[in-house]
Amino acid sequence: MTRDPDTETGDRRPVRRGPLAALAGVAAGAATLGTAELLAALWTRWLGSAGTSSPLLAVGGAFVDRTPPWLKDWAVATFGTADKLALGVGMALTLVVACALLGVLAWRRPTLGVGAFAAVGVVGLLAVLSRPATGVVDLVPTALGVVVGVQVLRWLTGMVAGVRATAPAAPPTRRPPRRAGPPDARCC
């Protein structure tokens, strides 16, 4: 078996940057949603918007609107009153997986990955715009969240790309052995 010097550290443990890139994507997605949801809450409170400026509520609502009746009936029969909770968990899992994949894509092909991440943000913007009583001004929180997320993704995947696949082998530091006996007179 041959060893690949590009994927091993000095102590022979491989450095896998793919999981780091996936984690970078998840962190960027969290930054996007965190920023957008916080701004949407403040936006609604301060401006008294009648529309849905929250991307999570907008995407959930748009999904429910486009769901066939048989699937809605099945969800209500299966989950009962927890059908909205099941929708939320499903959305969260989907977003985590999608963001992880986008993080790996952004690490391997930065332009394509960041573009795909921004495209997912555009889907969120379209979902916000599709909600009743929503105006263009309600897009601001989601748009700012996407900008923050793209910057976080670029920064973190840049850090992952900068991680060396091989850790530099540190030369062993050896100190001269201590001599037994009284200290030298010249040191004190």
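In this predicted model, the structure holds one aromatic pair. The partners are W74 and F79, whose rings lie 5.9 Å apart centre to centre with 85 degrees between the planes, an arrangement that is edge-to-face. Neither ring residue needs to be looked for in the interior, because W74, at 47% relative accessibility, counts as partly exposed, and F79, with a relative accessible area of 38%, is partly exposed as well.

From this pair the reader may turn to the surface, where L38, L42, W46, L47, V137, V140 and L144 make a nonpolar patch of about 680 Å². The elements that give two or more residues to this patch are α1, spanning 17-47, and α6, spanning 140-162, and the largest share, four residues, comes from α1. One of the patch residues, V140, is found in helix α6; with a relative accessible area of 30%, V140 is described as partly exposed, because that class covers the range between the buried limit of 20% and the exposed limit of 50%.

A contrasting environment is found at S53, which is placed in the loop between α1 and α2, the latter covering 55-66. Is S53 buried or exposed? Its relative accessible area is 1%, so S53 is buried, given that the term applies to values under 20%. When its neighbours within four places in sequence are left aside, S53 is in contact with A40, W43, T44, V128, D138, P141 and T142, a list that gives the reader a set of residues to display around this loop position.

Definitions and conventions:
Residues numbered from 1 in each chain as written. Predicted model: local features only at pLDDT ≥ 70, side-chain atom pairs only at ≥ 80, totals over all residues. Heavy atoms only, no water. Patch = residues over 30% accessible without salt bridge, like charges linked within 9 Å, V, L, I, M, F, W, Y side chains within 5 Å. Areas by Shrake-Rupley, 256 points an atom, 1.4 Å probe, with all protein chains shown as cover. Salt bridge = Lys/Arg side-chain N within 4 Å of Asp/Glu carboxyl O. Buried < 20%, exposed > 50% of the residue type's maximum accessible area, 1.4 Å probe, protein only. Contact = heavy atoms within 4.5 Å. Phe/Tyr/Trp six-rings, centres within 6.5 Å; stacked < 30°, edge-to-face > 60°.
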